[in-house]
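Please explain how this model is put together, beginning with the ligand and then moving outward to the domains and the charged pairs. A guided reading in connected paragraphs would be welcome.

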Amino acid sequence: MNRILVTGGVGYIGSHTVVELMEQGYEVVIVDNLSNSNISVLDGIEAIVSRRPDFVNADCCDYVAMDNVFRSFPDICGVIHFAASKAVGESVEQPLRYYRNNTLSLITLLQLMQEHDVRHLVFSSSCTVYGQPDAEHLPVDESAPRKKALSPYGNTKQINEDIIMDQAHACASLQATILRYFNPIGAHPSALIGELPNGVPNNLLPFVTQTAAGLRKELRVFGDDYNTPDGSCIRDYIYVVDLAKAHVKAIERMLSGKAEEQVEIFNLGTGRGLSVLEIVRTFEEVTGQSLPYTIVGRREGDIEQVWADPHKANTVLEWRADTPIRDVLLSAWRWEKHLRNIKE
Ligand code: UD1
């Protein structure tokens with residue numbers, strides 16, 4: 001039996017990935033300490049796939065607890081490691097917490113993988129490792145230089161990529177796939193799982209849907225004086241379900257022995273950049289909701305524009321993010337309505 005250990009599997013991208021894995025016939029054990037997620041997500045997963053994944057409430061930094069997980073599930077053949085702290089601003093205020101959580105959890109996992117002879121790892125990285133790519137590197141492919149991280153959070157992604165590289169060098173049996181996500185958005189089409197931001201959302205889409213639902217007075221658009229066609233920042237927004245499917249492809253590629261390098265890196269994006277104002281307009285169009293917004297000053301640390309060259313993932317991983325943005329925005333809105341009990 002093929003079982004995948006999914007750390008952070010109760011979280012946003014993790015839960016969508018668990019659904020895709022289970023739909024493809026994998027057994028899953030989730031390890032999550034619920035520090036930024038809600039246990040009820042397991043009910044949503046079960047309602048979608050008609051099976052409940054195994055779940056262990058543990059911290060990935062806890063060597064003894066994680067050792068028990070590997071002992072209790074000897075059929076684990078691969079690990080997808082999502083569990084991490086991810087709020088940029090918080091990481092600036094509490095750097096030690098971020099360095100500790102994000103690096104120690106990976107180190108613990110790698111050590112246990114070696115001890116239990118589990119060879120395949122998928123690691124959640126981020127396009128944040130590229131910083132603001134120079135104009136000649138846009139769209140950004142995997143060979144673009146990594147830039148000095150702007151936050152401890154971003155730095156932990158770079159450090160973790162390096163830890164994986166070094167461990168692969170030292171441990172010939174380790175096979176890893178590093179996935180650099182662009183901006184994941186949207187929710188499962190069933191509206192049974194989706195993003196559950198804690199408090200006031202930092203990311204654009206949850207703020208948009210909460211504003212449309214009346215929870216927030218207005219969206220603040222951070223800057224319209226950037227060097228972009230409409231002056232607002234440009235990102236590559238990728239549907240979370242497309243993103244989840246890339247993880248299944250990555251695991252399958254390693255399990256079937258197709259991976260060509262010991263550590264493979266893929267950018268996961270659509271290849272298309274959209275501005276904040278384009279997102280606002282398209283959201284209004286497809287949902288029929290008006291979205292009050294106001295232009296405010298730039299957000300510190302924001303990157304002007306970045307979008308992916310996903311050619312390598314398209315060809316090598318045989319994966320493509322092709323869900324139209326209109327459907328993606330609608331899925332986010334359906335999820336928000338489900339959360340707030342808003343009727344049609
Ligand atoms: C942010 C993080 C990034 C992380 C990613 C995870 C920062 C600086 N970067 O990326 O490290 O990997 O989340 O998803 O926090 N916007 C508004 N109004 C809002 C919220 C956002 O105008 O209320 C704009 C932002 O200026 C940006 C775009 O929307 O141009 C997307 O913002 P966000 O969703 O926070 O993602 P990133 O900044 O790309």
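In the ligand site, an N or O atom in the side chain of R235 is placed 2.5 Å from an oxygen atom of the ligand, and this distance, like every other one given here, belongs to a predicted model. R235 is also listed among the closest of the 19 residues that surround the ligand, together with L204, R220, R299 and D302. Two further side chains offer polar atoms to ligand oxygens: N183 has one at 2.9 Å from an oxygen atom of the ligand, while for S126 the corresponding distance is 3.3 Å.

To place these residues in the wider architecture, it helps to turn to the division of the chain. Domain 1 is made of residues 3-185 and 237-268, whereas domain 2 is made of residues 204-235 and 271-340, so that each domain is assembled from two separate segments under the domain assignment used. By these bounds, S126 and N183 fall in domain 1, and L204, R220, R235, R299 and D302 fall in domain 2. The C-alpha centres of the two domains are separated by 24 Å, and their contact draws on 26 residues of domain 1 and 27 residues of domain 2.

How much area do domain 1 and domain 2 bury between them, and on which atoms does it lie? The buried area is about 2500 Å², with 69% of it on carbon and sulfur atoms. The size of an interface is often expressed in just this way, as accessible area that is lost when the parts come together. Between the domains there are 0 salt bridges, but 9 residue pairs are in polar contact, counting pairs in which both residues have pLDDT of 80 or more.

On the domain 1 side of this contact, the elements contributing two or more residues are β7 (183-185), β10 (237-239), α8 (240-255) and β11 (263-268). Helix α8 supplies the largest share, with 7 residues. By residue class, the domain 1 side comprises 16 nonpolar, 4 polar and 6 charged residues.

Although salt bridges are absent between the domains, the structure as a whole holds 19 of them. Side chains of opposite charge can pair when their charged atoms come close. One such pair is formed by R146 and D162, whose side chains meet at 2.9 Å, N to O. This salt bridge links distant parts of the chain, since R146 sits in the loop between β5 (120-126) and α6 (152-170), and D162 lies in helix α6, 16 residues apart.

Key: Residues are numbered from 1 along each chain as its sequence is written. This is a predicted model: local features need pLDDT of at least 70, side-chain atom pairs count only at pLDDT 80 or more; totals for chains, interfaces and linings use all residues. Side-chain values use heavy atoms; hydrogens and water are left out. Contact means heavy atoms within 4.5 Å. Buried area is the accessible area (1.4 Å probe) that two parts lose on being put together, summed over both. A salt bridge is a side-chain nitrogen of Lys or Arg within 4 Å of a carboxyl oxygen of Asp or Glu. A polar contact is a pair of N or O atoms within 3.5 Å; within protein, one must be able to donate a hydrogen and the other to accept it, and residues adjacent in sequence count only if both atoms are side-chain atoms. Helices (H or I, at least four residues) and strands (E, at least two) are DSSP runs, numbered from the N terminus. Ala, Val, Leu, Ile, Met, Phe, Trp, Tyr, Cys and Pro count as nonpolar, Asp, Glu, Lys and Arg as charged, and the others, Gly among them, as polar. A residue is near a molecule or strand if one of its heavy atoms lies within 4 Å of it.
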